[in-house]
Each structure stands twice: as structure tokens, then as C-alpha cells.
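The exercises below are meant to be worked with the sequence and the model side by side. Each task is followed by a solution that goes step by step.

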Amino acid sequence: MKSKKGLTLTVTLGTLALFLSGCVQTTKSGKPYGFVYDYLARPGQTVMEWLSQLFGNNYGWAIIGLTVIVRLVLLPMMINQQRKSTYQQEKMSAVRPQMTKIQERQKAAKTQEEKAAISNELMQLYRDNGISMTGGIGCLPLLIQLPIFSALYYAIRYSPELSKATFMGISLGKSSLILAILAFLSYLAQGYLSMIGLPEEQKKTMRLMLIMSPVMILFVSMSAPAGLGLYFFVGGLFACLQTLIINFFRPRIRREVEAELKKHPIKAPTPAAAQPKPVKATESHPTNRPRNNNGGRGRNAGKQQRHRH
């Protein structure tokens with residue numbers, strides 16, 4: 001299920017990269033216009049100017065302040081989703097022995113019908129034990145941030161003050177390899193923290209996706225202004241913080257799962273091979289077999305004798 005989370009983040013970041021590639025149109029003189037500019041970039045410029053005044057006309061600290069505000073607003077929602085995901089991970093660990101057996105039988109299956117039946121058996125295992133296929137993971141926090149990414153990106157690109165601003169010697173209007181690497185490392189650290197306390201088998205399945213997400217963030221940060229890379233970097237630090245919070249509560253979540261399993265033990269599905277095969281429509285049922293012809297002739301003969309009398 002962590003892999004689903006990583007896939008969701010990767011797809012969202014890919015969508016963001018395409019979205020940022022050219023949604024604002026410009027006139028021949030270079031003046032921007034359009035829906036995205038009017039309703040995202042211009043309000044973004046206003047917010048950034050207001051925040052910069054609070055931080056001594058420093059746009060770098062204004063971006064950090066914006067990131068902190070957004071992350072604090074989203075923190076309860078993201079912690080709640082990550083807690084649900086952790087709960088599902090613990091339940092998944094409890095059914096792993098049954099799941100491994102089913103997967104081994106699925107690999108050994110020779111026909112597509114057998115594979116499909118065993119796949120349904122695996123789905124039944126999840127369904128009967130209350131395991132969600134999505135793992136409690138949602139796209140809402142990422143979708144909420146998409147307009148903020150866009151507003152910040154175009155505000156930096158089309159605002160002379162923002163595009164020329166510097167922070168710690170880094171030009172916020174140009175791409176920065178340093179901030180891109182810092183953003184990459186912050187999300188890589190978050191992925192490492194999320195694997196603490198997990199079984200080795202789960203870590204193996206998670207490693208690939210946990211690397212793909214930071215790589216996508218590195219790609220977007222390198223192709224975007226440094227201001228957006230700064231936003232990603234600070235956001236990655238917040239992601240590390242929320243993962244540490246979840247790791248702190250993991251033992252309690254594990255005890256909750258153990259208590260639930262005592263009340264409702266794991267339900268193992270009936271193996272596909274042991275399930276009764278449905279009777280085909282072409283097969284005749286014993287009760288539908290034709291009666292003995294001799295018996296029928298005997299009764300007809302009796303009826304004929306009575307009519308003669």
C-alpha cells in the first residue's frame with residue numbers, strides 16, 4: 001500500500017510538471033494573461049508580497065512562511081491518513097502468512113481460470129479481514145497543494161520582484177541544483193523514516209517507490225525556479241516531522257490491531273480448489289432424468305384396460 005502512495009505522489013508530480021509547462025499565455029509584448037494567471041498567479045503575487053513585508057522584504061522567508069502555513073493546515077489531515085495507512089500495514093502483516101500461501105499457489109497455477117480464482121481468493125482475504133486496497137491513502141492533500149504549486153510557480157516567473165529576489169545567495173527566479181538536491185534528500189529521508197519498524201519483507205516492496213518519489217521531486221525542482229525547490233525542501237522537512245509523529249504512535253496502533261484481532265481473528269478464505277464446481281446448464285440433474293419407459297407403458301396399459309371395461 002505504500003507503493004500505492006508512492007505511485008499517487010509520482011503521478012501527481014508528473015501531472016504538475018505537465019501543468020506547469022505552459023498554462024499561462026502571453027501577448028506579443030510578453031504580458032501574461034489567462035485564467036491561471038488571473039486567478040492563481042496574481043493572487044499568489046499579492047500573498048507573497050504581503051508575507052515578504054512581514055519578513056523584512058525577504059521573499060525567501062516569505063516562501064518558507066507560506067510552506068509552513070500550508071503544511072500546518074494540512075498536517076491533521078495528512079497525519080490522519082498516514083495513521084490509517086499504518087493501521088492497514090499492521091493488519092497486512094497479520095494476514096501475510098495466508099497471503100504468501102495464496103500468492104505461491106497463484107504462481108503455480110497453470111490456467112488462467114485457476115489464476116483468476118486464486119486472485120478472487122486473495123481479494124476475499126482482504127475483504128473478510130477489513131483490509132482496504134487503497135490502505136487509507138487519499139489524494140486530497142496533494143490535490144489541495146496543486147493550485148498552490150501553480151500560484152507560486154507563476155508568481156515567481158511573472159513577478160519582477162520575485163524573479164529577481166535572492167535567498168542565501170540563491171536566485172529564486174532561476175533553477176537551483178542545491179535546492180533541488182536538498183528537496184530530494186528531504187523526501188528521501190522521509191521515505192527512510194517511514195520504513196523504521198517495518199518487517200524486512202515490507203521494506204523490500206517499498207524501496208522502489210520510495211526512491212521514485214524523491215527522484216520525481218528532484219526532476220520537478222531542477223526544471224522549476226528555485227523558489228519552488230525551496231517550497232519542496234521545507235515541505236519535505238514537514239513530511240519527515242509527520243512521519244516521526246506516526247512512528248511515535250506506531251506501537252499504540254500495533255496494540256490496537258492486536259486487540260481487534262483477538263476479538264475478530266483472521267478469516268482464511270476457502271481455497272479455490274476446494275470450492276464446489278458449479279453445475280453446467282448442459283449437465284442433467286438426477287431428478288430430471290426421464291422415467292423408466294417400461295413403467296410408463298405399464299401404467300398406460302392399465303388405463304386402457306379400465307377404459308375397455
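**Exercise 1. Determine which residues of helix 4 are buried, and how they are arranged around its axis.**

Solution. In this predicted model, the buried residues of helix 4 are R96, M99 and I102. Viewed down the axis of helix 4, these buried residues fall within an arc of 125°, so they line one face of the helix. The next step is to turn to the other side of helix 4, where K101, E104 and A108 are exposed. The last step is to ask what the buried residues of helix 4 meet, and they pack against helix 3, helix 5 and helix 9. As for its dimensions, helix 4 has 13 residues and reaches 18 Å from its first C-alpha to its last, close to the 18 Å expected at 1.5 Å a residue.

**Exercise 2. Carry out the analysis for helix 5, and describe what comes just after it.**

Solution. Helix 5 runs over residues 112-128, and its 17 residues reach 24 Å from the first C-alpha to the last, close to the 24 Å expected at 1.5 Å a residue. Its buried residues are I118, E121, L122, L125 and Y126. Seen down the axis of helix 5, they fall within an arc of 140°, so they line one face of the helix. The face turned away from this buried side carries the exposed residues Q112, E113, N120 and R127, whereas the buried residues of helix 5 pack against helix 3 and helix 4. Just after helix 5, G130 takes a positive phi of about 70°.

**Exercise 3. Trace helix 3 from its start, and locate its bend.**

Solution. Begin at the start of helix 3, where a side-chain oxygen of N58 reaches to within 3.0 Å of the backbone nitrogen of G60. Then follow the helix along its 36 residues, which reach 49 Å from the first C-alpha to the last, close to the 52 Å expected at 1.5 Å a residue. Finally, look for a change of direction: helix 3 bends by about 50° at L75, and a proline, P76, follows within four residues.

**Exercise 4. Identify the largest nonpolar core and the elements that contribute to it.**

Solution. The largest nonpolar core has 39 residues, and those with the most contacts inside it are M48, I63, L152, L172, L228, L230 and F232. The elements that give two or more residues to this core are helix 2 (35-54), helix 3 (59-94), helix 6 (140-158), helix 8 (177-194), helix 9 (200-223) and helix 10 (226-263). Apart from this core lies another, of 10 residues, among them M92, M99, I118 and L122. To see how one residue is placed, take L152, which touches M48, I63, L66, G227, L228 and Y231 when residues up to four places away in sequence are not counted.

**Exercise 5. Decide whether R250 is buried or exposed, and list its contacts.**

Solution. First place the residue: R250 lies in helix 10. Next apply the cut-off, under which a residue is buried below 20% relative accessible area; at 5% relative accessibility, R250 therefore counts as buried. Leaving aside neighbours within four places in sequence, R250 is in contact with T86, Q89, E90, S194, I196 and L198.

Notes. Residues numbered from 1 in each chain as written. Predicted model: local features only at pLDDT ≥ 70, side-chain atom pairs only at ≥ 80, totals over all residues. Heavy atoms only, no water. Core = buried A, V, L, I, M, F, W, Y, C linked by side-chain atoms within 4.5 Å. Buried < 20%, exposed > 50% of the residue type's maximum accessible area, 1.4 Å probe, protein only. Contact = heavy atoms within 4.5 Å. Expected span 1.5 Å × (residues − 1). Bend = angle between axes of the 7 residues up to and from the residue. Polar contact = N/O pair within 3.5 Å; in protein donor to acceptor, adjacent residues only side chain to side chain. Arc of directions from axis to C-beta.
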